[in-house]
Amino acid sequence: MQPILKTVFNFIRGTSGGDREAPDQFLRKSENFRLLLAANSRALEVMAEMTEAARSDRPFGMSHVRAQCLTVASGVRQMIERLCLMRPGRYEELKTVFNRILQEMERELASGAERGVGPLIMPMEAIRAGDVPLVGAKMAHLGEVAALLGLEVPAGFSITAHAYRLFMESTGLEDEINRLIQIGGNGGLRELHRLEAEIRHAIDMTALPLELAQAMRSACEFLDERDGGPRLAVRSSALGEDSDENSFAGQFLSLLGVRPEEIEDAFRSVVASLFSATAMTYRLNRGLREDAMVMCVGCMEMVDASAGGVIYTRPPLGEDDGSLVISAVQGLPCGIVDGSSRSDSWKLRRDDLHILEAEIVSKQCRYVAAQDGRIVREGLKPGCESEPSIPEEVVHELGRIARRIEAHFNTPQDIEWARDPDGRLLILQCRPLSVCAQAHSGRDPDSPVKTSATPLLSGCMSASPGATAGQVVRVETAEDMLCFPEGAVLLARNARPQLSALLPKAAALVAEFGSTVGHLANVAREYGIPALIGAPGAVETLSGVGVVTVNAGTGGVYLGRHQDQIDDADERRDTPRVSDVQRALRRVLPKIIPLSLTDPEAPEFRPGGCASLHDITRYCHEMAVNEMFLQDARPTSRAKRLHGDLPLQYWLVDIGGGTAESCDEGRVGVDEIRSNAMLALWTGMTAVPWEGPPPVDAGGFMSVVFQATQNPALAPGAANSMGERNYFMVGGNYCNLQSRFGFHFCTVEGFAGDDPTENHALFQFKGGGADQGRRAARSRLIADLLEQYGFLVETRGDALFARIEGIGAEAVEQALAVAGHLVVHTRQIDMVMADAQALARYRESLGKGIRTALKRLEETSPQWRNRT
Amino acid sequence: MKRIRLLLVDDEQDFLTTYTRRFVRRNVDIRTASGGAEAIEQVRTTEFDVVVLDFLMPGMNGLETLRGIKAIAPKLPVIILTGHADSEALCTGMESGAFDYLLKPVGTDELYFKILDAVGMRRRTRD
């Protein structure tokens with residue numbers, strides 16, 4: 001289970017060979033290792049955000065999804081780079097695997113925003129309802145009612161989806177807009193308005209592709225030539241606009257009175273309205289993909305209207321009473337649509353078109369198209385103010401048309417119409433009518449969960465939402481894992497990634513230590529099981545208590561099953577509507593999140609076995625640890641002797657900023673150290689004086705003798721390679737201690753800077769002179785102590801690897817002080833690990849010593865902090 | 001600590017101005033270039049510790065610029081900072097020796113720490 005450490009077995013043996021790395025090489029390796037760890041935590045953090053986003057109903061856009069994908073990928077690529085630099089030539093295959101996964105991600109992101117080829121322009125006569133993907137719903141419906149119902153519609157044409165894509169792609173405009181959205185961030189309305197202006201400017205500055213400009217010009221030539229040429233209404237007909245789910249009502253631009261020579265600018269303006277602040281907000285909140293938005297543009301001859309208006313084939317609000325409503329004004333109907341004009345209205349019974357109510361209002365003015373194409377408001381002739389805009393027979397005619405359109409599309413319709421001076425009725429627009437259902441009352445989703453139960457544990461960190469109940473089963477060993485029953489609550493000291501193999505079976509997860517953005521938390525979210533990570537005292541409190549309810553909403557664990565909490569969490573979790581953006585995110589997540597490489601011992605634990613970016617992070621992390629500790633990495637030159645009253649020989653290599661600038665070439669005093677990491681470690685090492693090796697009983701001594709005969713490094717003459725040379729590698733916030741005490745080999749490393757994502761402490765330990773049983777007993781003892789202070793620990797036999805990451809500088813200092821105490825005070829105690837009594841004694845004295853060391857740290861750190 | 005000599009390459013003048021102002025307070029000597037050719041010329045004549053390079057620029061693009069810089073100063077770390085969330089740019093950029101790939105918008109701190117990483121890596125491990 002802990003193969004990292006298998007390699008550590010070779011550590012001591014490796015040193016007896018002459019293959020020693022130069023200090024420079026070692027420094028490079030540690031630096032690469034540090035950067036790899038930083039990239040690892042960043043990648044896992046964003047993975048956690050993405051998993052959370054996929055299940056939440058918080059709005060986000062495709063550019064955000066893309067940015068997150070790229071951020072994870074960039075972190076993972078960085079890890080690969082660092083690993084390859086740590087050991088040139090060995091891990092190059094990872095790059096190929098990474099590129100393949102990235103390509104698959106691209107494919108998943110692109111689907112839903114497919115591109116194709118086709119006509120740039122379609123004349124109205126050729127358009128049918130089936131052309132929605134090409135010309136948008138608005139134009140498709142008009143084409144359909146003209147062709148199949150024989151209704152009059154204005155002459156015109158559509159500038160198609162292909163035209164839009166050609167404009168976006170061949171000019172680089174799409175990249176530029178995506179870039180502007182990406183760097184625009186997720187700001188408020190002010191940023192959105194700035195973004196709108198920037199995108200508009202970019203669109204205005206972009207010339208239309210030549211073939212598109214030509215196609216638009218020749219389409220205009222077929223239109224009716226009148227005095228001064230035809231005037232066009234240029235209208236948005238975006239893909240997805242006017243659909244049942246998303247009306248985009250009134251968000252995009254319509255331009256009236258456009259002359260053919262102005263059509264290019266009109267097209268640009270309508271396209272730009274796709275990126276208005278309101279349209280972008282609407283899209284974001286509806287979860288629509290901005291990269292799938294396509295603006296088709298309808299161009300229709302202006303109708304010289306004597307009257308016009310709107311028909312709703314159902315009452316738009318409240319109960320359907322079997323009526324339809326027609327409203328009308330004199331002149332163009334634009335005043336009705338934007339709500340600025342008072343209009344006449346008739347309520348008709350749908351089945352026999354009997355007029356139920358008529359309301360004729362007093363009107364002062366009307367809109368007409370002037371000679372130059374502009375829309376002007378003019379006063380009505382005196383005496384006409386109270387005349388109905390249309391005679392009653394036209395009301396009936398409109399009612400019949402409305403019923404035919406509704407029957408044809410089989411859904412309530414919102415129809416815009418106009419009547420020309422010859423009395424012809426034209427349909428200007430028809431779209432599904434959104435009918436407001438009665439608002440139903442539900443519980444407030446933000447109200448706090450109420451429960452009467454007293455928690456066994458509270459204030460735990462939620463790593464995956466939900467609530468559920470189950471039998472608590474503690475898992476520590478490989479055997480525990482095999483016996484883990486279906487549907488139990490998984491209880492563990494540490495959130496080790498290996499546990500992810502159990503999560504499909506588990507009802508919930510509770511771990512004392514670990515990160516809510518770690519591997520295991522990610523997997524818990526993926527399976528949707530509630531998880532609490534960072535639950536102090538969980539193992540002691542919950543072991544053997546039977547059935548508990550784990551509630552990630554309250555951060556509590558309760559004795560027994562509490563159905564009310566579980567139901568409540570289910571209700572909260574219920575988010576029925578899945579938006580397009582969420583769908584896209586869910587498509588790409590399988591390339592990123594699932595962790596299949598859980599067992600580093602398994603044959604598939606290799607680059608080719610990586611199926612997701614998460615797998616690659618896990619593989620890189622594991623291998624980097626191997627590389628870091630597999631090789632004998634002791635530097636041999638550039639070292640300064642640490643002087644003072646010291647029990648052992650220590651050497652120090654300053655990799656920059658670790659010591660006072662004034663210090664000697666060959667020697668350095670403790671008071672000249674400037675590295676907080678080293679000072680914390682040193683405080684831990686020296687707070688309690690070492691009493692020397694423990695008295696060895698006969699069995700322990702015999703075991704040492706036995707080992708000596710087995711290990712060539714212990715033979716006379718090999719003394720140098722096992723010499724008591726201990727190296728500190730120090731930088732401003734960095735410290736790496738490689739020490740060897742007799743038969744023991746140990747590495748402590750820590751980085752304690754301002755950025756918690758880069759901070760870490762590592763403790764790695766191997767060896768001993770006693771037999772395996774005693775050595776393993778000591779490793780277990782040390783593991784227990786380290787875990788109490790938040791380290792994630794893996795042990796294998798007598799080898800141990802512990803780490804703690806992503807914490808503040810002071811927490812790293814404390815961890816280093818704990819490690820420092822253990823480094824000094826556990827040497828050679830393996831020899832006395834024969835009985836439970838001795839174990840208990842050491843457990844107590846080490847625990848006490850750690851407390852002393854931490855107290856000393858608290859006392860001394862203000863002093864050296866002032867000095868540094 | 002030694003001051004960091006940074007070359008910031010971006011075609012957006014606003015970006016250059018903003019970041020120059022932010023970085024001078026932070027122990028950074030900053031030079032700017034508004035295009036690839038200009039960046040390469042500067043690398044040819046001046047010693048830098050790190051380059052921050054926009055990838056989507058008119059004229060010489062980011063990749064060509066990166067390769068040009070690497071040809072002159074193979075060990076000079078180059079951080080790609082782009083508003084273009086493009087996986088191809090990530091792949092080819094890293095394969096051409098970029099130190100890292102960041103997406104705009106980036107916080108000043110985040111960029112500064114990345115610069116420190118790049119410079120630290122180079123200084124601490126200089127042959």
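Modeller: Before we start, a residue counts as buried when its relative accessible area is under 20%. Keep in mind, too, that this is a predicted model.

Colleague: Thanks! With that cut-off, what percentage of the residues of chain B count as buried?

Modeller: Chain B has 127 residues. Its accessible surface comes to about 5400 Å², and 50% of that belongs to carbon and sulfur atoms. As for the buried residues of chain B, their share is 56%.

Colleague: In what order do the elements of chain B run from the N terminus on?

Modeller: There are five helices and five strands to place in chain B. Among contacts in this chain with a separation of 6 or more, 61% join residues 24 or more positions apart. Read from the N terminus, the order is β-α-β-α-β-α-β-α-β-α.

Colleague: Is B:Thr108 buried or exposed?

Modeller: B:Thr108 lies in helix α5 of chain B, residues 108-124. Beyond its neighbours within four places in sequence, B:Thr108 is in contact with B:Tyr19, B:Arg22, B:Phe23 and B:Arg26. Its relative accessible area is 14%, and the limit for burial is under 20%, so B:Thr108 is buried.

Colleague: Nice. Which helix gives the largest share of the largest nonpolar core?

Modeller: That core has 78 residues, and those touching the most other members are A:Phe98, A:Leu585, A:Ile592, A:Leu613, A:Ile616 and B:Val51. The largest share of the core is 13 residues, and it comes from residues 62-86 of chain A, helix α3.

Colleague: And which residues does A:Leu585 contact, leaving aside its neighbours within four places in sequence?

Modeller: A:Leu585 is among the core residues that touch the most other members. With those sequence neighbours set aside, its contacts are A:Met50, A:Ala53, A:Ala54, A:Phe60 and A:Val65.

Colleague: How far does helix α4 of chain A reach from its first C-alpha to its last?

Modeller: This helix covers residues 93-110, which is 18 residues. Its buried residues include A:Phe98, A:Ile101 and A:Met105. At 1.5 Å a residue the expected span is 26 Å, and the helix comes close to that, reaching 26 Å.

Colleague: One more: how are α5(A) and α13(A) oriented to each other?

Modeller: The axes of α5 (residues 132-149) and α13 (residues 392-409) of chain A come within 11 Å and cross at roughly 105 degrees. The contact involves A:His141, A:Glu144, A:Val145, A:Leu148 and A:Leu149 of α5(A), with A:Arg404, A:Ile405, A:His408 and A:Phe409 on the α13(A) side. Angles of 65 to 115 degrees fall in one class, so α5(A) and α13(A) are roughly perpendicular.

How values were computed:
Residues are numbered from 1 along each chain as its sequence is written. Chains are lettered from A and ligands numbered from 1 in the order in which they are written. This is a predicted model: local features need pLDDT of at least 70, side-chain atom pairs count only at pLDDT 80 or more; totals for chains, interfaces and linings use all residues. Side-chain values use heavy atoms; hydrogens and water are left out. Helices (H or I, at least four residues) and strands (E, at least two) are DSSP runs, numbered from the N terminus. Buried means under 20% relative accessible area, exposed over 50%, partly exposed in between (1.4 Å probe, protein chains only). Contact means heavy atoms within 4.5 Å. Accessible areas come from the Shrake-Rupley method with a 1.4 Å probe; for residues, only the protein chains shown count as cover. A nonpolar core is a set of buried Ala, Val, Leu, Ile, Met, Phe, Trp, Tyr and Cys residues joined through side-chain atoms within 4.5 Å. The expected span of a helix is 1.5 Å times one less than its number of residues. Axes are lines fitted to C-alpha atoms, for helices over the stretch in contact, and angles run from 0 to 180 degrees between N-to-C directions. Angles under 35 degrees count as roughly parallel, over 145 as roughly antiparallel, 65 to 115 as roughly perpendicular and the rest as oblique.
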